Amino acid sequence: MVGATTIVPPTNETGVCEETICSKLEYYDKLKQKCRDFPGGGFLVIMDHVFSDTEKRCIGETLNQPNTIKVHDESQNCNIIVPDCSGVGLFPIPSNCSFYFKCQEYNYNFHQYVYQCPPGTFFHPDLQKCSSTNKCYEAQEEILHNFSKEYFPECLIYGQFRTAKDCTLYYRCVPNIDGSFYQIRYECPYKMSYNIEKELCVPEHLQCCEYIPHERIIEQYKVQHSIDATTLLPQPTTVISAINTKITSSIPMLVCGDVRGKLKSFFARIENVNKKSGPFDLVLCVGDFFGTNPEVEVLQEYKRNIKTVSAPVYILGPTRKELAQYYADTQDGDICTNLSYLGKRGVYTTSGGLKIAYLSGNSQETGSNEWTYSKADAMAVRDSCLASKANMGDFRGIDILLTSQWPFGMQEKVKESCKLVSWLANAVKPRYHFCGMNDEFYESPPYRNLPDKNTQMELATRFVGLASFGNPEKKKHIYALSITPVEKMRVLELIQKTTDEIPSPYQNLSLLTESGATNTEEKRDDQYFYDMSTPDDNRRNKRRSNDPNQHQQNNQKRGRPTFDQESCWFCLSAGSIEKHLIISVGDHFYLALAKGPITETHILILSITHIQCAALLSEPQWAELVRFKQALVQFYADRDQKVFFYERNFKTGHLQINAIGIDDNVAWKIQHVLEDKGEEFSVQLEKVPKLTAPSDLPERGPYFVAELPDDTVMLTRQMKGFPLHFGREIICADNLLNCEEKADWRQCNCTKEEEDEMVKNFRESFKPYDFTV
């Protein structure tokens, strides 16, 4: 910071200097002359005017010296150094992204304010606010290039050094022939800091981030390396590269082709590659791992812990009957330390969130055993991939698909390719598909998958077929990559196109008919107690069908879709309603337990007669709706909870408002989660005034509206590709109810006896608030 003005405002109880006493969650805006929320959604930690204990007043502070501002992080018991202002705006603090700072210009001086994000959130530089996502501050290459000499001073001697002001940054000085230096700048990975003694990045809880003068860092390095040098002068230094190692959630890994029993050379190669280019988080092996004559004596050394596999290795199952014997003694999939059998088929999720689908063995028409699979196995893998994101428009694909066999249609001259593999790849849309068993290396350009009922996004897949390990032709058999889990990526990153893309090799294949994998009727996606599918959905799916008869039918004139009120799952007069879910009945509305409830107090407010949405209510109907909402607000408040209401007027024919309680200590996060989910699903939400009448809602067209506990109302009318379970996604987020598996209502299905018990308990608890009794 350059300087500060001399202003003596009063303070509030936190010692923050303000002209008007605002709450701890606000600051005083001098221009607007009112209290406002902190920019970015954080809490004020320090300002350039501070309260003086000695003078008992606020004094101006000139912050023009390096490391003048320090913020104490109680969680780490360390002081965090705040970078100096170099421009106006909100900026992250690289060493701890739960803090950020704001720079304002006033009378040609910078004023600096430091904020701390609420617990569980980090400052997101792209969003310019505290975000509940795990995407923390990621340094850009140009930022590393443009750091001042206070961070990266000119080189004095050869070596690797931490920066004085930021323990997440370090640099290497490499001498040139003429005595000058090249400087390579680095940033530690996410949640790691540079340790001067070990000269490497370590977990942040093992390294305190204090300011250390540059001269002391150099002297310590000289002592460590016994460098006898007198006073050194800075030499001309050229930054030749700025390498960003801070990939917040990227997972480095290796994929290997058929090992075929060459265990000694395989383990040695993995150890060598891991030392030179690693460390790698995991190694995946496709195809035949043990082979006809495996080096069993080598494996025994690892089983007896005489030797250790240098990185976690995961293998597929046997491809022939005679190979099954080598998998017989595995305990919970572990063959030995760091060598594991994934299984016949399924989805494996790593600790870093990477989702790996796998299908072992060769295809077989009927039945299956340990070394073969059937269409039922392929469908089971597909269902496992879709289990957590079964809502239309929600599925993002998976990260990796591993199969022993090649997919049919990828290349013409392939031994024993399989249409079931093609169908599975087309269904689960992996970002990478690896396979072996063909003794050839082939990497296709990325191909774009067509949208379907599970996702409206055109996701890309890269296919890689690997040659066998140690093949004499030296064809590529090990593939290295660093991949960010698909669930942690932004939608724009997932759908971003490249110049070398090709059409999907499976789009002209009659996969669904010939594989028989989807001839069975799909389960209805009838969340709660109604059918979500609409005539529009059916028409959309028919347009994408490969059946020419369907195309002929589509060319015929379609009638206007109608809604049969007699079959409505919500109208009390309809015979199909599940009346055991009803809790309370008023004149115009009734309360019912949600089908597939997220919690035992997940309630629906429903109109008794058939009404499309709240925007069409009459004045008496709106008045009773408000009374039900007020009753629920008080009910949840007495249980230390805030209530979250939302209505989705989209692909449903009857008014339904969800109500669910969120604990007081996390309810403030709802808006952050709502905005983050909006970004994730490309849903543009806007703040609107508090709802006071039906006319406040869009009378025509679909919409989604959420009412937050602080009376904030968020609304969108952008429903193209809108995920039907968007409201549940918000509630189930990891920093609210932390039950993301329940975003799919089918994971919450209860028996009728369980539903009866929940309804009975809620009805009894709600009696003091129920104005209908």
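1. Start with one strand pair. Strands β19 (residues 251–256) and β20 (residues 282–285) run parallel and pair over four bridges. One residue fixes the register for inspection: Leu 254 has Val 283 of β20 as its bridge partner. The model is predicted, and the remaining points should be read with that in mind.

2. The pair belongs to a wider sheet. Six strands make up this open sheet, and their order is β22-β23-β21-β20-β19-β33. Pairing within the sheet is mixed. At the edges sit β22 (334–336) and β33 (478–483), each of which pairs on one side only. On average, neighbouring strands of the sheet are turned by 25 degrees against each other, with direction ignored.

3. A helix covers part of that sheet. Helix α4 (residues 296–303) lies across β22 and β23 (339–341). Relative to β22, α4 runs at about 100 degrees.

4. Next, the packing of α5 and α6. Helix α5 covers residues 375–386 and helix α6 covers residues 419–428; their axes come within 10 Å and cross at roughly 10 degrees. The crossing angle is under 35 degrees, so α5 counts as roughly parallel to α6. From α5, the contact draws on Lys 375, Ala 378, Met 379, Val 381, Arg 382 and Cys 385. From α6, it draws on Leu 420, Trp 423, Leu 424, Ala 427 and Val 428. By class, the contact of α5 with α6 has nine nonpolar residues, two charged and no polar.

5. The other helix pair is α11 with α14. Helix α11 spans residues 619–637 and helix α14 spans residues 752–766. Their axes come within 11 Å and cross at roughly 95 degrees. That angle falls in the 65 to 115 range, so α11 is roughly perpendicular to α14. On the α11 side, the contact is made by Ala 631, Leu 632, Phe 635 and Tyr 636. On the α14 side, Phe 762, Ser 765 and Phe 766 take part. The contact of α11 with α14 divides into six nonpolar residues, one polar and no charged.

6. Now confidence. Mean pLDDT for the protein is 76, and 71% of its residues reach 70 or more. Two stretches deserve a flag. Over residues 1–19, pLDDT stays under 50, and the model has 64 contacts beyond four places in sequence for them. Over residues 512–566, pLDDT also stays under 50, with 94 contacts beyond four places in sequence.

Notes. Residues numbered from 1 in each chain as written. Predicted model: local features only at pLDDT ≥ 70, side-chain atom pairs only at ≥ 80, totals over all residues. Heavy atoms only, no water. Pairing = 2+ DSSP bridges. Helix = DSSP H or I, 4+ residues; strand = E, 2+ residues; numbered from the N terminus. Axes fitted to C-alpha atoms, helices over the stretch in contact; angles between N-to-C directions. Contact = heavy atoms within 4.5 Å. pLDDT = per-residue confidence, 0-100. Parallel < 35°, antiparallel > 145°, perpendicular 65-115°, else oblique. Nonpolar A, V, L, I, M, F, W, Y, C, P; charged D, E, K, R; others polar.
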